[in-house]
Structure formats: structure tokens, C-alpha cells
Amino acid sequence: MVTMLMFDPFLRDFDRLTQQLLGTTTGTPARPVVMPMDAWRDGDQFVVELDLPGLDPDCLDIHVEHDVLTVRAERPAVAQDGRQWLACERPHGVFSRQILLGTSLDTGNITADYTDGVLRLTIPVAEHAKPRKIAIANGKQQQAINA
């Protein structure tokens with residue numbers, strides 16, 4: 001089986017121009033930076049993982065205000081030093097992501113762990129939002145109490 005790759009110099013130049021206009025070849029992206037995220041419920045807690053590879057944990061800031069969790073990260077810009085960039089795809093500068101938590105979560109007990117470039121946030125469900133069993137009274141017992 002033979003695979004044929006298409007080479008179109010116009011598309012290559014157009015791609016390069018697009019990258020320059022968006023700032024992706026200068027070391028400072030002009031478009032918003034995405035923090036890939038996974039989130040799931042595990043029993044009485046929610047877990048959120050964000051990919052933030054290559055960051056110093058001291059550059060991460062996590063805070064909650066009015067049920068909105070904000071993760072802020074900063075990757076210092078690379079010194080230009082007369083470099084001629086061939087590719088610059090890693091985001092630099094300050095970027096953040098906000099997650100609306102709602103009122104059923106215990107925002108006072110969120111824990112965070114940053115290991116191998118993954119920030120893991122564990123958010124417990126608030127006690128008032130946990131499922132609970134409601135006892136059913138027998139109608140005859142209720143009448144006896146009222147009598």
C-alpha cells in the first residue's frame with residue numbers, strides 16, 4: 001500500500017500566516033489557552049483534573065468565590081534573545097479557567113494535588129445535599145399520637 005502526502009506550498013504559507021496573526025509563533029498566544037479538563041463524581045465527591053504540564057506549582061492559584069472555582073496559572077514568557085522561532089505551541093503568560101460549582105458542594109473543603117503535570121481537585125458534596133432516607137410514619141401511629 002502506498003500513501004501519498006499532498007504538499008501545497010500555499011497551504012503551508014497560509015498556515016504560517018495564520019499562526020503569525022494569532023501570535024502562536026512569537027511565544028505569546030493571542031487566543032485563549034485551553035486547560036483540558038476531566039470531571040466526574042466518585043461517591044460523595046466530585047473530582048476535576050486539569051492538564052497543566054511543565055508548570056511550577058508555585059505558579060498555580062486556586063480560589064473559590066460565590067460558588068465559582070477559578071484556576072489561574074502562569075508560564076513565564078521565553079526570553080527572545082534574537083531567536084528565530086520555528087515552532088512555539090506551548091502557551092506562555094497568564095491563563096485561567098472558571099468552573100461553576102453550585103450550592104450543593106462543600107467549597108470550604110476542596111483539596112488540590114499537582115502531580116506529573118495534572119492538577120487534581122477533589123470537591124466534597126455538602127452534607128445538606130447528600131441523599132438521605134426519610135422515615136415514613138404509619139397513619140395509625142400518627143392518629144394515636146394526636147389523640
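**Exercise 1. The three-stranded sheet**

In what order do the three strands of the open sheet stand, and is the pairing parallel or antiparallel?

Solution.
Step 1. The model is predicted: local features need pLDDT of at least 70, side-chain atom pairs count only at pLDDT 80 or more, and totals for chains, interfaces and linings use all residues. Residues are numbered from 1 along each chain as its sequence is written, and side-chain values use heavy atoms, with hydrogens and water left out.
Step 2. Strands are DSSP runs of E with at least two residues, numbered from the N terminus. Two strands pair if DSSP finds at least two bridges between them.
Step 3. The order is β3-β4-β5, with antiparallel pairing.
Step 4. β3 and β5 are the edge strands, each pairing on one side only. From one strand to the next, the twist averages 15°; axes for such angles are lines fitted to C-alpha atoms, and angles run from 0 to 180 degrees between N-to-C directions.
Step 5. Six bridges hold the antiparallel pair β3 and β4. Across this pair, H63 stands opposite T70 in β4.

**Exercise 2. The four-stranded sheet**

Give the strand order of the open sheet of four strands and identify its edges.

Solution.
Step 1. The order reads β1-β2-β7-β6, and the pairing is antiparallel.
Step 2. The edge strands, each pairing on one side only, are β1 (37-42) and β6 (111-115). The twist averages 15° from one strand to the next.
Step 3. β1 is joined by six bridges to β2 (residues 45-51), and the two run antiparallel. D42 stands opposite Q45 in β2.

**Exercise 3. The salt bridge**

Locate the one salt bridge of the structure and state which strands its partners occupy.

Solution.
Step 1. The criterion is a side-chain nitrogen of Lys or Arg within 4 Å of a carboxyl oxygen of Asp or Glu.
Step 2. E49 and R120 meet it, with their closest N and O atoms 2.7 Å apart.
Step 3. E49 lies in strand β2 and R120 in strand β7 (residues 118-124), so the pair links parts of the chain 71 residues apart.
Step 4. Side chains of opposite charge can pair when their charged atoms come close.
Step 5. R120 has a relative accessible area of 34% and is partly exposed. The classes are buried under 20%, exposed over 50% and partly exposed in between, using a 1.4 Å probe and protein chains only.

**Exercise 4. Two strand residues**

Compile the surroundings of T122 and V68.

Solution.
Step 1. Contact means heavy atoms within 4.5 Å.
Step 2. T122 is in strand β7 and is buried, at 15% relative accessible area. Beyond four places in sequence, T122 touches Q45, F46, N109, I110 and T111.
Step 3. V68 is in strand β4 and is partly exposed, at 24%. Beyond four places in sequence, its contacts are H63, Q98, I99 and L100.
Step 4. The C-alpha atoms of V68 and G102 are 7.7 Å apart, with their positions 34 residues apart along the chain.

**Exercise 5. Positive phi**

Describe the phi values and settings of H66 and D116.

Solution.
Step 1. Most residues other than glycine have a negative phi.
Step 2. H66 has a positive phi, near 50°. H66 sits in the loop between β3 (60-65) and β4 (68-75) and is exposed at 71% relative accessibility.
Step 3. D116 has a positive phi, near 55°. D116 sits in the loop between β6 and β7 and is exposed at 78%.

**Exercise 6. The nonpolar core**

Which residues of the largest nonpolar core touch the most other members?

Solution.
Step 1. A nonpolar core is a set of buried Ala, Val, Leu, Ile, Met, Phe, Trp, Tyr and Cys residues joined through side-chain atoms within 4.5 Å.
Step 2. The largest has 18 residues, and L50, L52, V71 and L119 touch the most other members.
Step 3. At least two residues of this core come from each of β2, β4, β5 (93-100) and β7.
Step 4. Beyond four places in sequence, L52 is in contact with M35, L60, V71, A73, F95, Y114, G117 and L119.

**Exercise 7. Confidence**

Over which residues does pLDDT stay under 50?

Solution.
Step 1. pLDDT is the predictor's confidence in each residue, from 0 to 100. The chain mean is 79, and 73% of the residues reach 70 or more.
Step 2. Residues 1-7 stay under 50, with one contact beyond four places in sequence.
Step 3. Residues 23-31 also stay under 50, with 20 such contacts.
Step 4. Where pLDDT is low, the predicted coordinates should not be read in detail.
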